[in-house]
Amino acid sequence: DRVRDVLTAAGFTGVTIDEVRADGIWGDGADDAADFLFGTGPGGHLMRQADTATRAEARRPLTDRLRPHEAEDGTVRLPSTSWLVTAVRPAVPAERP
């Protein structure tokens with residue numbers, strides 16, 4: 001509702017919001033996925049502040065939690081949900097010379 005309200009207030013019309021679900025591929029196996037998750041974003045930020053022993057201690061449970069999500073091809077797939085928002089911007093009259 002908030003997105004729809006903001007776009008409508010900005011003059012957009014035909015606002016539609018659709019939920020999109022898909023599996024995200026996070027790595028080639030649990031170890032690779034853990035490396036990715038702890039090497040980027042908030043996980044990477046926190047891990048760069050930790051010492052070697054703490055990083056290893058944190059990595060083990062994450063890797064264990066990712067193993068059940070390994071697909072037959074070895075990739076780690078986790079469900080993901082996003083919103084696809086579309087709207088129409090009304091034509092703006094051209095300025096006169």
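**Close-up views of a predicted four-helix, two-strand chain**

**Figure 1. The whole chain.** The secondary structure of the chain comes to four helices and two strands; helices (H or I, at least four residues) and strands (E, at least two) are DSSP runs, numbered from the N terminus. In sequence order, the pattern reads α-β-α-α-α-β. This is a predicted model, in which local features need pLDDT of at least 70 and side-chain atom pairs count only at pLDDT 80 or more, while totals for chains, interfaces and linings use all residues. Residues are numbered from 1 along each chain as its sequence is written, and side-chain values use heavy atoms, with hydrogens and water left out. The C-alpha atoms fill a box of roughly 65 × 35 × 30 Å along the principal axes. The radius of gyration of the chain is 21 Å, whereas a compact globule of 97 residues would have one near 13 Å; the radius is taken over C-alpha atoms, and the globule rule is 2.2 Å times the number of residues to the power 0.38. Of the 97 residues, 16% are buried, where buried means under 20% relative accessible area, exposed over 50%, and partly exposed in between (1.4 Å probe, protein chains only). The accessible surface comes to about 7500 Å², with 55% of it belonging to carbon and sulfur atoms; these areas come from the Shrake-Rupley method with a 1.4 Å probe, and for residues only the protein chains shown count as cover. Among contacts between residues at least 6 apart in sequence, 74% join residues at least 24 apart, contact meaning heavy atoms within 4.5 Å.

**Figure 2. The buried side of helix H2.** Which residues of H2 are buried? In this helix (residues 30–39), they are Ala 30, Ala 33 and Ala 34. These alanines cover an arc of only 100 degrees around the axis, which puts them on the same side of H2; the arc is that of the directions from the helix axis to the C-beta atoms. An α-helix has 3.6 residues a turn, so residues three or four places apart point the same way. The cover over the buried residues of H2 includes strand E1 (13–27), helix H4 (52–66) and strand E2 (76–88). After H2 comes Gly 41, with a positive phi near 55 degrees.

**Figure 3. Where H2 meets H4.** Thr 63 lies in helix H4 and, at 4% relative accessibility, counts as buried. Beyond its neighbours within four places in sequence, Thr 63 is in contact with Ala 30, Asp 31 and Ala 34. Asp 31 belongs to helix H2 and is partly exposed at 38% relative accessibility. With the same neighbours within four places left aside, Asp 31 is in contact with Arg 59, Thr 63 and Arg 67. The C-alpha atoms of Asp 31 and Ala 58 are 13 Å apart, with their positions 27 residues apart along the chain.

**Figure 4. An aromatic pair between E1 and H2.** How many aromatic pairs does a search of the whole structure find? There is one, formed by Trp 26 and Phe 36, and it is tilted: 5.9 Å centre to centre, with 50 degrees between the planes. Rings of Phe, Tyr and Trp (its six-membered ring) pair if their centres lie within 6.5 Å; planes under 30 degrees apart count as stacked, over 60 as edge-to-face and the rest as tilted. Trp 26 lies in strand E1 and Phe 36 in helix H2, so the pair ties together parts that are ten residues apart in sequence. Trp 26 is partly exposed, at 33% relative accessible area, and Phe 36 is partly exposed too, at 38%.

**Figure 5. Thr 75 in the loop between H4 and E2.** Thr 75 sits in this loop, and is it buried or exposed? At 8% relative accessibility, Thr 75 counts as buried. Its side chain makes a polar contact of 3.1 Å with the side chain of Arg 77; such a contact is a pair of N or O atoms within 3.5 Å, and within protein one must be able to donate a hydrogen and the other to accept it, while residues adjacent in sequence count only if both atoms are side-chain atoms. Not counting residues up to four places away in sequence, Thr 75 touches Ile 25, Gly 27, Asp 28, Gly 29, His 69 and Glu 70.

**Figure 6. Gly 43 in helix H3.** Gly 43 is found in H3 (residues 41–49) and is buried, with a relative accessible area of 17%. Apart from residues up to four places away in sequence, Gly 43 touches Leu 37 and Phe 38.
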